Amino acid sequence: MVNPIEFIDRNGYVKDKIVMPLWTCCLFIVVMNTTMFNVSLPVIIHDLQITSDLGSWVISSYSIGYALSTVIYSRLSDRIPVRKLLTVGLLILGLSSLLGLFAHSFAILLLTRILQSAGAGVMAGLGLVIASRYIPVERRGAAIALISSGSAMAFGLGPIVGGLISEYWGWNGLFAITVLVLLALPVLLYFLPRETAKPENPFDMIGAALTVINATTLLVAITQQSWLWLAIGVISLVVHIVYIRRASLPFVNPHVFRTPGFTRLLIIGFCVLVVNLGNLFLMPLVLADLFGRSSLAIGLLIAPGAIVSAFCTRFVGRWIDRYGNMRFLMIGHILLAAVLALFMLGLNQSALVITGGYLFFSPALSASIASLNNEASRVLPKTQIGSGMGLLQLIQFFGGSVSVAVCGLLLHSIPGVRVEEAYHVVYGCLLLVCLVSLVIVVWHNKAVRSTSTATMTETV
């Protein structure tokens with residue numbers, strides 16, 4: 001294990017002050033690669049003359065692959081040096097993006113998106129590992145908050161960037177943005193600590209394959225509303241559980257579930273991303289269906305919240321380090337619940353309701369995710385950072401993917417309710433998920449306090 005002091009050079013300069021902002025910029029591009037294609041999907045469907053169901057895989061293939069590659073890179077970091085993983089991941093992402101510049105058929109486009117997702121997961125998967133493994137506790141909250149802000153801002157600005165590029169350069173131009181990550185690779189390799197390979201930590205190929213099958217089949221079952229795929233997904237999940245119990249060092253480390261409080265954090269992470277991606281899916285539809293706004297106008301209405309979130313990050317990270325994770329996790333959840341209640345009750349009043357609500361929603365989300373990730377890095381033992389943080393990322397992205405699919409289904413499947421009215425119902429469902437998550441946050445906070453009190457009593 002590399003000591004955090006190795007992130008300081010001979011002159012005492014803290015190299016993570018360069019690495020973490022640059023890493024955040026790359027993560028911003030990677031996450032934005034999801035949302036900016038949403039705006040261009042109608043044009044892609046028209047240009048390639050494909051159906052809407054087929055076109056949806058331009059988005060879902062990237063989301064599924066991104067979630068899976070995130071946990072794989074994170075798990076591999078227990079065995080392979082971070083620098084090597086970063087090189088492989090960014091080269092795959094950058095070179096596949098170059099291919100996307102010349103994609104003029106659906107087959108090539110889909111292949112490009114899958115390859116992009118295979119490389120993109122390195123940024124999310126290793127970002128938290130680097131912060132947890134190399135940055136001292138007193139600066140870790142600020143670093144994780146910075147990473148979280150990159151994701152939050154990307155979700156908000158993605159539609160604007162996608163709309164502008166598609167309008168003036170066509171949808172192939174979207175791939176030019178992700179090519180830029182290749183410029184950051186030599187700088188990151190220069191500043192990242194050097195590690196030695198750890199061959200004593202074997203990589204479980206069978207477990208990784210079963211994880212991919214689990215996530216893919218369950219997501220396909222939801223998106224396609226297929227009982228057959230659901231049955232396959234459940235069977236693969238049962239097989240995986242049996243395999244985990246028998247394997248000596250499985251891909252999904254069962255020991256992380258024995259870490260006090262980690263299972264609660266997994267549930268919270270799932271719920272937070274359900275709320276986040278569900279809201280990001282609904283806001284553009286509301287602005288288009290209820291208020292007739294164009295793609296560019298939608299992006300402009302959402303952007304202020306993302307900008308405020310990025311501005312608040314520098315303070316939120318410091319506050320988390322000073323006052324603790326749980327306080328901001330609860331504050332973030334309360335604000336998220338308040339905004340969702342506002343959307344549920346006052347959605348059709350004005351488009352500015354969306355803009356005003358997202359001004360609070362976006363920074364509250366960043367604070368919640370940063371606090372959650374920092375809390376997970378605190379409770380996990382050093383030997384389980386890679387597997388634990390990777391699993392947390394997978395559960396979060398899986399929750400977001402499920403949320404988009406379920407919200408889309410609810411909008412058109414509620415009996416006797418028009419689509420315009422269904423938005424209120426769906427936002428009510430998101431509010432319920434947020435409140436459940438808040439209850440678990442309170443439960444976790446009480447458990448943490450009880451453990452701290454018991455520890456202090458034993459010490460005395």
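In this predicted model, helix 14 covers residues 351-379, and its 29 residues should span 42 Å at 1.5 Å a residue; the end C-alpha atoms are indeed 42 Å apart, so expectation and model agree. Along the way, helix 14 bends by about 30° at Tyr358. Most of helix 14 is covered, with 24 of its 29 residues buried. At its start, a side-chain oxygen of Ser350 comes to within 3.1 Å of the backbone nitrogen of Leu352.

Helix 13 passes the length check too. Its 22 residues, 325-346, should span 32 Å at 1.5 Å a residue, and the distance between the end C-alpha atoms is 32 Å, which agrees. The buried residues of helix 13 include Phe328, Leu329, Gly332, His333, Leu336, Ala337, Val339, Leu340 and Phe343. A general point helps in reading such a list: an α-helix has 3.6 residues a turn, so residues three or four places apart point the same way.

Helix 4 can be read in a similar fashion. With 19 residues (82-100), helix 4 should span 27 Å at 1.5 Å a residue, and its end C-alpha atoms lie 27 Å apart, in agreement. Among the buried residues of helix 4 are Val82, Arg83, Leu85, Leu86, Gly89, Leu90, Leu93 and Gly94. Ser96, Ser97 and Gly100 are also on the buried list for helix 4.

Turning to the rings, the structure holds five aromatic pairs. One of them joins Tyr190 and Phe191 in an edge-to-face arrangement, with 4.9 Å from centre to centre and 90° between the planes. The two partners differ in their surroundings: Tyr190 counts as exposed because its relative accessibility is 63%, above the 50% cut-off, whereas Phe191 is buried, with a relative accessible area of 17%. A further pair is formed by Phe343 and Tyr427, whose ring centres are 5.3 Å apart; their planes stand at 70°, so this pair is edge-to-face. Phe343 belongs to helix 13 and Tyr427 to helix 16 (residues 419-459), so the pair ties together parts that are 84 residues apart in sequence. Here both residues, Phe343 and Tyr427, are buried.

Arginines also meet aromatic rings in this model. Arg113 lies over the face of Phe37, at 4.0 Å from the ring centre. Likewise, Arg264 is placed over the face of Trp443, and its distance from the ring centre is 5.2 Å.

For anyone looking for cysteine cross-links, the structure holds zero disulfides. Cys25 is in no disulfide, and the nearest cysteine sulfur, that of Cys26, is 6.9 Å away. Cys25 is partly exposed, with a relative accessible area of 46%. The sulfur of Cys407 has its closest cysteine sulfur in Cys429, at 7.7 Å, which is too far for a bond because a disulfide requires the sulfur atoms to be within 2.5 Å. Unlike the partly exposed Cys25, Cys407 is buried, with a relative accessible area of 4%.

Several buried residues have a partner that is far along the chain. Arg133 is found in helix 5 (residues 106-134) and is buried, with a relative accessible area of 4%. Although Arg133 and Ile385 are 252 residues apart in sequence, their C-alpha atoms are 7.5 Å apart in space. Leu126 also lies in helix 5 and, at 0% relative accessibility, counts as buried. The C-alpha atoms of Leu126 and Arg83 are separated by 10.0 Å, with their positions 43 residues apart along the chain; Arg83 itself is among the buried residues of helix 4.

Arg75 tells a similar story from helix 3 (residues 57-76). Its relative accessible area is 14%, so Arg75 is buried. The C-alpha atoms of Arg75 and Leu391 are 8.5 Å apart, while the two residues are 316 residues apart along the chain. In helix 15 (residues 385-413), Gln396 counts as buried at 4% relative accessibility. Gln396 and Val274 are 7.9 Å apart, C-alpha to C-alpha, and 122 residues apart in sequence.

How values were computed. Residues are numbered from 1 along each chain as its sequence is written. This is a predicted model: local features need pLDDT of at least 70, side-chain atom pairs count only at pLDDT 80 or more; totals for chains, interfaces and linings use all residues. Side-chain values use heavy atoms; hydrogens and water are left out. Helices (H or I, at least four residues) and strands (E, at least two) are DSSP runs, numbered from the N terminus. The expected span of a helix is 1.5 Å times one less than its number of residues. The bend at a residue is the angle between axes fitted to the seven residues ending there and the seven starting there. Buried means under 20% relative accessible area, exposed over 50%, partly exposed in between (1.4 Å probe, protein chains only). A polar contact is a pair of N or O atoms within 3.5 Å; within protein, one must be able to donate a hydrogen and the other to accept it, and residues adjacent in sequence count only if both atoms are side-chain atoms. Rings of Phe, Tyr and Trp (its six-membered ring) pair if their centres lie within 6.5 Å; planes under 30 degrees apart count as stacked, over 60 as edge-to-face and the rest as tilted. A charge sits over a ring if NZ of Lys or CZ of Arg is within 6 Å of the ring centre and within 35 degrees of the ring normal.
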